[in-house]
Amino acid sequence: MQEQLLHSEKLSIAGHLASSIAHELRSPLTVIKGFIQLAIRDAEGKTEHYLETTIAELKRVEFVINDYLNYAKPQLEKVEVLSVADVFHQMKELIYPLSQMNNVRVEMNSEADLWVRADKSKLIQALNNVVKNSIEASKSQQGIVSIHAYQADQLDICIKICGNGCGMSGEELDKLGTPFYSTQNNGTGLGLMVTFKIIKAFDGKIDFKSEKGKGTEVSILMPMITNC
């Protein structure tokens, strides 16, 4: 009971902190997005493409801020039937710069005709949170992160994310998804906490397996939609 009370208190504190930070970030983000939108008018070629990608990322940041404000109950704005392959295709362009910066090779593939019901931006946010952690944990190795989607059984699809990073102990695994806990030096733990909430909102499950020095495997199970 004491552990449950402590956990509830942490969640309450995390909510107040996330709300405060999110409100402070909104104003400068609005200004940045406005100036980039003005710059796009005179841009062309690769510069235009880079600015459009930046705008897309800023929009995702806004979604993240909204989730931090409502992380206890993620706001699902547009739930629809999605192709996992299409979700992966959209993720690639967002993951590539981080993987290049950390010298980590990312391998991504999906079986054909895998469909799920989800909010696309929220699903991409949840998956990117996990992939980002895997990339950052693998950067000191000859890093490889693989992301593979397949039909797990007649009811579910599985998205498996494997990295050959430093791995985690059993004690560290038990603490994942709790406020203010992160295996990263500059992490807050809020990213994974939001990821757990998003996957749960889609009636999914997330499971971590890891061993110190041998990397980490994350399995995300989501109900499969048939007859698409």
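Which residues form a nonpolar patch on the surface? In this predicted model, the patch consists of Val 31, Phe 35 and Leu 38, which together have about 300 Å² of accessible area. Of these residues, Leu 38 is located in helix 1, which spans residues 2-40. Leu 38 is classed as partly exposed, because its relative accessibility is 42%.

The cysteines were examined next. Zero disulfides are present in the structure. For Cys 158, which takes part in no disulfide, the nearest cysteine sulfur belongs to Cys 162 and is 8.9 Å away. Because a disulfide requires the two sulfur atoms to be within 2.5 Å, the separation of 8.9 Å between the sulfurs of Cys 158 and Cys 162 does not qualify. Cys 158 has a relative accessible area of 3% and is therefore buried, whereas Cys 166 is partly exposed at 42% relative accessibility.

A charged residue in a buried setting was found in strand 5, which covers residues 156-163 and includes Asp 156. Although Asp 156 is buried, this residue has no salt bridge. The nearest side chain of opposite charge is that of Lys 205, at 7.0 Å. A salt bridge requires a side-chain nitrogen of Lys or Arg within 4 Å of a carboxyl oxygen of Asp or Glu, and the distance of 7.0 Å from Asp 156 to Lys 205 does not meet that cut-off. When neighbours within four places in sequence are set aside, the contacts of Asp 156 are with Gln 151, Leu 221, Met 222, Pro 223 and Met 224.

Notes:
Residues numbered from 1 in each chain as written. Predicted model: local features only at pLDDT ≥ 70, side-chain atom pairs only at ≥ 80, totals over all residues. Heavy atoms only, no water. Buried < 20%, exposed > 50% of the residue type's maximum accessible area, 1.4 Å probe, protein only. Helix = DSSP H or I, 4+ residues; strand = E, 2+ residues; numbered from the N terminus. Lys, Arg positive; Asp, Glu negative; His and termini not counted. Contact = heavy atoms within 4.5 Å. Patch = residues over 30% accessible without salt bridge, like charges linked within 9 Å, V, L, I, M, F, W, Y side chains within 5 Å. Areas by Shrake-Rupley, 256 points an atom, 1.4 Å probe, with all protein chains shown as cover.
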